[in-house]
Amino acid sequence: MKKLMLKTGMVVATLLISISAMAQTLLKQDTHVFPAPEKGMVKYVIEVPHAGIAADNNKKIELFAGKYVETDACNSYFLAGEFDKKDLEGWGYHYYVFKTDGNVGMTKMLCQGEKKNTFVQAPSVMTEYNGRMPIVIYAPEGYEVKFKIYKAEPETYQAAEVTVKSTK
């Protein structure tokens, strides 16, 4: 019994060491050049796959920041806040700081029914897709950062020209 417990302990220790090593190498880019988060802030890093310059140029990333709050089923909710784009001086890179006072607004429809936990977000921001560089975002503790990737289709379309008759 003692041998089995010892072997199990060794396996668990080996797994924990492996998981710890993997967690330290999750980021493919070194983000030490970006500032440390200020007190009360959390540093988020987004790394997207690099598919070549042409493929990266056909994509955009939309950043969202928000938090989960209890909501009803019929009102729309929104978070007061905004992203501030900052330059990383001397490097030619930028990062984002999400600022909010935490106020959540909503429509005022009278709703009946069950409450649910919903991600309520502030207005989003679009940024360039770059698979060679991480996107660094700082947000207050208690808030989360999410993102979507948009890809342009290769087709382009012609807009219709509208002629206007002169009234003279």
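This report walks through the fold, the strand pairing, the cores and the salt bridges of one protein chain.

## Overall fold

The model is predicted. The protein chain holds two helices and 10 strands. Along the sequence, these elements follow the pattern α-β-α-β-β-β-β-β-β-β-β-β. The protein chain has 168 residues, and 26% of them count as buried. Its accessible surface comes to about 12600 Å². Carbon and sulfur atoms account for 57% of that surface.

Contacts across the sequence can also be summed up. Take the contacts in the protein chain with a separation of 6 or more. Of these, 76% are between residues 24 or more positions apart.

## The open sheet

Four strands build an open sheet. Their order is E1-E9-E5-E4, and the pairing is mixed. Strand E1 covers residues 41-46. E1 and E4 stand at the edges. Each has a single partner strand, so one side of each is left without a neighbour in the sheet. From one strand to the next, the twist averages 25 degrees.

Inside this order, E5 and E9 pair in the parallel sense. Two bridges join them. Tyr96 stands opposite Ile137 in E9.

## Strand E2 and its partners

Strand E2 spans residues 59-71. It runs antiparallel to E10, residues 144-151, with eight bridges between the two. Strand E7, residues 116-121, is joined to E2 by six bridges, also in the antiparallel sense. E8 is a further antiparallel partner, joined to E2 by four bridges.

Individual residues show how these pairings line up. Gly66 stands opposite Glu144 in E10. Gly66 also has a bridge partner in E7, namely Gln121. Ile61 has Thr127 in E8 as its bridge partner.

## Nonpolar cores

In soluble globular proteins, nonpolar side chains tend to be buried together. Here, the largest nonpolar core has 18 residues. Leu63, Phe83, Phe98, Ile135 and Ile137 touch the most other members. Three elements give two or more residues to this core: strand E2, strand E5 (93-99) and strand E9 (135-140). E2 gives the most, with four residues.

There is also a second, separate core of eight residues. Val33, Leu88, Val136 and Tyr138 are among them.

What does Phe98 touch, leaving out residues up to four places away in sequence? The list includes Met41, Ala65, Leu79 and Gly81. Glu82, Phe83 and Ala122 are on it too. So are Tyr138, Ala139, Pro140 and Tyr143.

## A buried loop residue

Thr31 lies in the loop between helix H1 (2-24) and E1. Is Thr31 buried or exposed? Its relative accessible area is 10%, so Thr31 counts as buried. Beyond its neighbours within four places in sequence, Thr31 is in contact with Lys43, Val45, Pro134 and Val136.

## Salt bridges

The structure holds three salt bridges. The table gives the closest N and O atoms for each pair.

| Pair | N to O distance |
|---|---|
| Lys60 and Glu128 | 2.7 Å |
| Lys86 and Asp84 | 3.5 Å |
| Lys99 and Asp84 | 3.5 Å |

The bridge between Lys60 and Glu128 links distant parts of the chain. Lys60 belongs to strand E2, and Glu128 to strand E8 (residues 125-128). The two residues are 68 residues apart. Lys60 has a relative accessible area of 32%, so it is partly exposed.

The other residues form a network: salt bridges link Asp84, Lys86 and Lys99. Lys99 and Asp84 also connect distant parts of the chain. Lys99 is in strand E5, Asp84 is in strand E4 (residues 82-88), and they are 15 residues apart.

How accessible are the members of this network? Asp84 counts as partly exposed, at 26% relative accessibility. Lys86 is partly exposed too, with a relative accessible area of 31%. For Lys99 the relative accessible area is 44%, again partly exposed.

Definitions and conventions. Residues numbered from 1 in each chain as written. Predicted model: local features only at pLDDT ≥ 70, side-chain atom pairs only at ≥ 80, totals over all residues. Heavy atoms only, no water. Core = buried A, V, L, I, M, F, W, Y, C linked by side-chain atoms within 4.5 Å. Buried < 20%, exposed > 50% of the residue type's maximum accessible area, 1.4 Å probe, protein only. Contact = heavy atoms within 4.5 Å. Salt bridge = Lys/Arg side-chain N within 4 Å of Asp/Glu carboxyl O. Pairing = 2+ DSSP bridges. Axes fitted to C-alpha atoms, helices over the stretch in contact; angles between N-to-C directions. Areas by Shrake-Rupley, 256 points an atom, 1.4 Å probe, with all protein chains shown as cover.
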